[in-house]
Amino acid sequence: MSIRRVLVTGGAGTIGAAVVRRLLRDADWEVRVSDQREPPAWIREGCEVHVDDLRDVSAASRAVDGCTHVIHLAAIVGGIGNFHKLPHTLLETNTALYNAVFRAALEHRVERLVYVSSSMVFERATEFPTTEEYIRDTPIPQSAYGFSKLAGEVYCRALHDEHGIAHMVPDLIKKVLDGQRPLQIFGSGEQTRTITHIDDIADGIVTAMGHPAGEDEDFNVSAAEELTVAEIARIVWEACGEPPDAFELEHAPSYAVDVQRRWPSVEKARRLLGWEARISPREGIAQTVEWLREQRSAPVSP
């Protein structure tokens with residue numbers, strides 16, 4: 001069998017690292033990671049590492065050279081604060097990444113390019129559960145971040161058509177562990193989210209990349225259970241070991257862009273890929289609580 005080498009851009013990031021971890025469990029893949037940051041030791045030990053600015057066309061070409069597949073995760077993210085503080089930077093940076101990385105993938109004739117978009121492309125959705133096809137009808141995202149991720153989807157489709165080739169929970173946990181009483185959330189708490197464990201996201205991305213039915217398709221990679229923000233806050237509260245009868249919310253003013261409902265359809269991924277999320281919100285939140293506790297108790301390097 002010929003070597004299959006996959007480049008993960010942004011592989012030192014949170015989702016990128018989870019994708020790399022999932023790939024390293026599969027002997028079919030050799031993994032190269034490209035990021036502006038130096039990846040952690042476990043990535044350096046298990047992967048080929050490329051540290052550079054992928055907005056530069058020559059740097060992107062060096063990163064892609066020799067790879068058969070590309071998973072493009074590199075982007076400016078950093079939470080909802082960046083949506084409002086850095087709108088121009090988001091558009092400028094993410095567009096430059098599309099230009100360089102997608103061009104390099106085309107020039108090196110990779111077998112498959114996987115672009116990881118965002119649920120923010122559906123930030124103004126009115127169809128629930130939201131199908132992949134609804135992207136053609138949903139109103140244009142109001143946030144610069146959502147628009148930049150939608151632009152990436154358009155780039156992917158245009159590339160294929162022309163040439164033939166796609167943080168709420170930790171914040172709540174930190175508030176509870178810091179002793180915030182009552183627990184502050186933004187808005188009424190009636191907004192809904194379909195929170196998905198990072199390991200399920202990574203598994204869905206890798207499954208879509210490697211499955212024959214994934215070519216020239218887009219998929220929602222998500223859990224299936226719709227929960228209100230208030231319900232998620234209660235799950236977090238109890239997962240942190242707090243007494244259920246002491247749960248109380250404080251409602252802070254919402255952001256100008258605050259999606260009221262997010263419930264993606266996962267039927268297409270189930271039907272074509274045989275994929276679905278396996279980790280329930282309660283299990284995932286409990287795992288995240290334990291992980292954050294460990295991070296807080298870990299000694300700080302001098």
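Reader: Which residue follows helix H5, and what is the sign of its phi?

Author: In this predicted model, H5 is followed by Arg 109, whose phi is positive, near 50°.

Reader: How do you know that the span of H5 agrees with its number of residues?

Author: Helix H5 covers residues 87-107, which is 21 residues. At 1.5 Å a residue these should span 30 Å, and the end C-alpha atoms are 30 Å apart, so the two values agree.

Reader: Which residues of H5 are called buried?

Author: The term requires a relative accessible area under 20%. Among the residues of H5 that count as buried are Leu 90, Leu 97, Tyr 98, Val 101, Phe 102 and Leu 106. Thr 93 and Asn 94 are also buried.

Reader: What makes S3 and S5 edge strands?

Author: The open sheet has five strands in the order S3-S2-S1-S4-S5, with parallel pairing. Strand S3 (48-51) and strand S5 (112-115) each pair on one side only. From one strand to the next, the twist averages 15°.

Reader: How do you know that S1 and S2 pair?

Author: Pairing requires at least two bridges between the strands. Five bridges join strand S1 (residues 5-9) to strand S2 (residues 30-35), so the criterion of at least two is met. The two strands run parallel, and Leu 7 stands opposite Arg 32 in S2. Helix H5 packs on this sheet, where it touches S1, strand S4 (69-72) and S5. The direction of H5 makes about 170° with that of S4.

Reader: What joins S6 to S9, and how do they run?

Author: Four bridges join S6 to strand S9 (residues 249-252), and the two run parallel. One bridge partner in S9 is Ala 252, which stands with Phe 186.

Reader: Which residues of S6 lie on the covered face, and which on the uncovered one?

Author: In strand S6 (residues 183-186), Leu 183 and Ile 185 form the covered face, whereas Gln 184 and Phe 186 form the uncovered one. In a regular strand the side chains alternate between the two faces of the sheet.

Reader: Why is the contact of Arg 44 with Glu 38 called a salt bridge?

Author: The closest N and O atoms of Arg 44 and Glu 38 are 3.9 Å apart. The cut-off is 4 Å, so the pair qualifies. Side chains of opposite charge can pair when their charged atoms come close. A search of the whole structure finds 21 salt bridges.

Reader: Why is Arg 44 called partly exposed?

Author: Its relative accessible area is 41%. Buried means under 20% and exposed over 50%, so a value in between is partly exposed.

Reader: What distance supports the salt bridge of Glu 242 with Arg 181?

Author: The closest N and O atoms of Glu 242 and Arg 181 are 3.1 Å apart. This pair links distant parts of the chain, 61 residues apart: Glu 242 lies in the loop between helix H9 (229-239) and S9, and Arg 181 in the loop between helix H7 (168-177) and S6. Glu 242 is partly exposed at 23%, and Arg 181 is partly exposed at 41%.

Reader: Where do Arg 282 and Glu 225 lie in the chain?

Author: The side chains of Arg 282 and Glu 225 meet in a salt bridge at 3.4 Å, N to O. Arg 282 is in helix H11 (residues 281-297), while Glu 225 is in the loop between helix H8 (198-210) and strand S8 (227-228), 57 residues apart. Arg 282 counts as partly exposed at 44% relative accessibility, and Glu 225 likewise at 32%.

How values were computed: Residues numbered from 1 in each chain as written. Predicted model: local features only at pLDDT ≥ 70, side-chain atom pairs only at ≥ 80, totals over all residues. Heavy atoms only, no water. Buried < 20%, exposed > 50% of the residue type's maximum accessible area, 1.4 Å probe, protein only. Expected span 1.5 Å × (residues − 1). Axes fitted to C-alpha atoms, helices over the stretch in contact; angles between N-to-C directions. Contact = heavy atoms within 4.5 Å.
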